[in-house]
Amino acid sequence: MIFESPQVLWLLLALPALAGLYVLLQRRRSRSAVRYASLGLIRTAMGRRGRLRRHVPPFIFLFALGALIVAIARPSAVITLPSEQRNIILAIDVSLSMRATDVQPSRIEAAREAAKTFVAEQPSDVRIGIVAFAGSASIVQKPTDDKKELIDAIDRLQLQLHTATGSGIIVSLAALFPEDAAELEAANTSTRGWREPPRSAPIDKPKAEAKKERQPVPPGSNRSGAIILLTDGRRTTGPDPLDAARLAADRGIKVYTVGFGSAQGTTANADGMSIYMRIDEEALKSIALATGAEYFHAGSGADLKRVYETLNARYVLEKKETEVSALLSALAAVLIVIAAALSVLWFGRIGGGGTSPRDSG
């Protein structure tokens, strides 16, 4: 545990002093009681239990005061809390290669079922979006916490020609950063991939008209969003996936890649033609590496489910440093209420420590 205002903790030294003052006052009260009544009669009337419980409320109050002092010091601790990665985009390959059956019953059906499982297991405060890509990419469902809408969107996916993996990543970024739609659209329309824009505006344009350039951040540093890319990884058209991955990396977004299909490959029927299809693991590993994420291979439906279970655990809980002042303040408030309640219940007034008519009979 660390403290933003550790100097406040010096106030804790006052607690032993207060405890000593309390003991001193109790002794003075005892000497005063002897002047008016037999001390033996008072002790007999109170009993051992009564003599001990009269000290309980003051010491509970003392602990509450200690909790308040620690809270004022603004402590932070590393605790396990729901992750801040609250916007997740599922980018699903719907190219014809996804009809291959090396993952039973087919790659696309396995992807659908695994995606539904992933959606169903997310907490209600996580927003998920769906992007489908083949020869082009589109946002099928904007980020939402409505699980029925997400599952309906997954069921509506239809297979199409070609595979534009780079477009799938770029459109997923547009779903996470709608304010960058123009820049991302320009990158998506280039089949040669993304190129860095000029560092300065043309001389004949006022500087005020130049768009402020986005400053790159460390890869994987953006903790509010992530992309999960499901594909066989073999790009046939569209922007270079590695250029698209650099766009994600500059925004700190991790792109977890899930490649499925057997390493040996298989054949699938496309418009009456038999086409040999093999997973491109190297491309998917490169995308994940460029963004600070991980690559997972799903060779079967069971493997794909395990991949999603791993990702689900990654997104739901996370250890992070969190200020716990509010928690300690609440604890102090509860202790004060308990001390006051016990004092009223046992002694008929707030504040124990002395003798009352109830104590002396």
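Author: Axes are lines fitted to C-alpha atoms, for helices over the stretch in contact, and angles between N-to-C directions run from 0 to 180 degrees. Helices (DSSP runs of H or I, at least four residues) and strands (runs of E, at least two) are numbered from the N terminus. The model is predicted: local features need pLDDT of at least 70 and side-chain atom pairs count only at pLDDT 80 or more, whereas totals for chains, interfaces and linings use all residues. Residues are numbered from 1 along each chain as its sequence is written, and side-chain values use heavy atoms, with hydrogens and water left out.

Reader: How many helices and strands are there in the protein chain?

Author: The protein chain contains 12 helices and 11 strands. Of its 361 residues, 44% count as buried; the term means under 20% relative accessible area, with exposed over 50% and partly exposed in between (1.4 Å probe, protein chains only). A contact is a pair of heavy atoms within 4.5 Å. Among contacts between residues at least 6 apart in sequence, 80% join residues at least 24 apart.

Reader: How should one read the packing of two helices, and at what angle do H6 and H8 pack?

Author: Two packed helices are described by the angle between their axes and by the distance between those axes. H6 and H8 pack at about 20 degrees, and their axes lie 8 Å apart. H6 is therefore roughly parallel to H8; this word covers angles under 35 degrees, while over 145 is roughly antiparallel, 65 to 115 roughly perpendicular and the rest oblique.

Reader: Is the crossing of H6 and H8 left-handed or right-handed, and which residues meet there?

Author: H6 passes H8 in a left-handed crossing. A crossing has this hand if the near helix is turned anticlockwise from the far one by less than a right angle, and is right-handed if clockwise. From H6, Thr165, Gly166, Ile169, Ile170 and Leu173 meet Pro241, Ala244, Ala245, Leu247 and Ala248 of H8. By class, this contact of H6 with H8 has 8 nonpolar, 2 polar and no charged residues. Here Ala, Val, Leu, Ile, Met, Phe, Trp, Tyr, Cys and Pro count as nonpolar, Asp, Glu, Lys and Arg as charged, and the others, Gly among them, as polar.

Reader: At what angle does H8 pack with H9, and what is the hand of their crossing?

Author: Helix H8 (residues 241-250) and helix H9 (residues 281-290) pack at an angle of about 20 degrees, with axes 8 Å apart. They are therefore roughly parallel to each other, and their crossing is right-handed. Pro241, Leu242, Ala245 and Ala249 of H8 meet Ser286, Ile287 and Ala290 of H9. The residues of this contact of H8 with H9 comprise 6 nonpolar, 1 polar and no charged.

Reader: What is a nonpolar core, and how many residues has the largest one here?

Author: In soluble globular proteins, nonpolar side chains tend to be buried together. A nonpolar core is a set of buried Ala, Val, Leu, Ile, Met, Phe, Trp, Tyr and Cys residues joined through side-chain atoms within 4.5 Å. The largest nonpolar core has 60 residues, and those with the most contacts inside it are Leu90, Ile228 and Leu230. Helix H4 (residues 107-121) gives the most to this core, with 7 residues. Leaving aside residues up to four places away in sequence, Leu230 touches Leu90, Ala91, Ile92, Asp93, Ala111, Phe133, Val258, Phe260 and Tyr308. Apart from the largest core lies another, of 9 residues, among them Ile60, Ala64, Leu335 and Leu342.

Reader: Which residues have a positive phi, and where is there a cis peptide bond?

Author: Most residues other than glycine have a negative phi, and most peptide bonds are trans. Arg74, although not a glycine, has a positive phi of about 55 degrees. Arg74 belongs to the loop between helix H3 (56-72) and strand S2 (75-82), and counts as partly exposed at 35% relative accessibility. His162, also not a glycine, has a positive phi of about 70 degrees; it is in the loop between helix H5 (147-155) and helix H6 (165-176). A cis peptide bond joins Gln104 and Pro105, with omega about -5 degrees, and Pro105 is in the loop between strand S3 (87-93) and H4.

Reader: Is Val126 buried or exposed, and what does it touch?

Author: Val126, in the loop between H4 and strand S4 (127-133), is buried at 3% relative accessibility. Not counting residues up to four places away in sequence, Val126 touches Arg86, Ile88, Thr144 and Asp145. The C-alpha atoms of Val126 and Ile88 are separated by 7.7 Å, although these residues are 38 apart along the chain.
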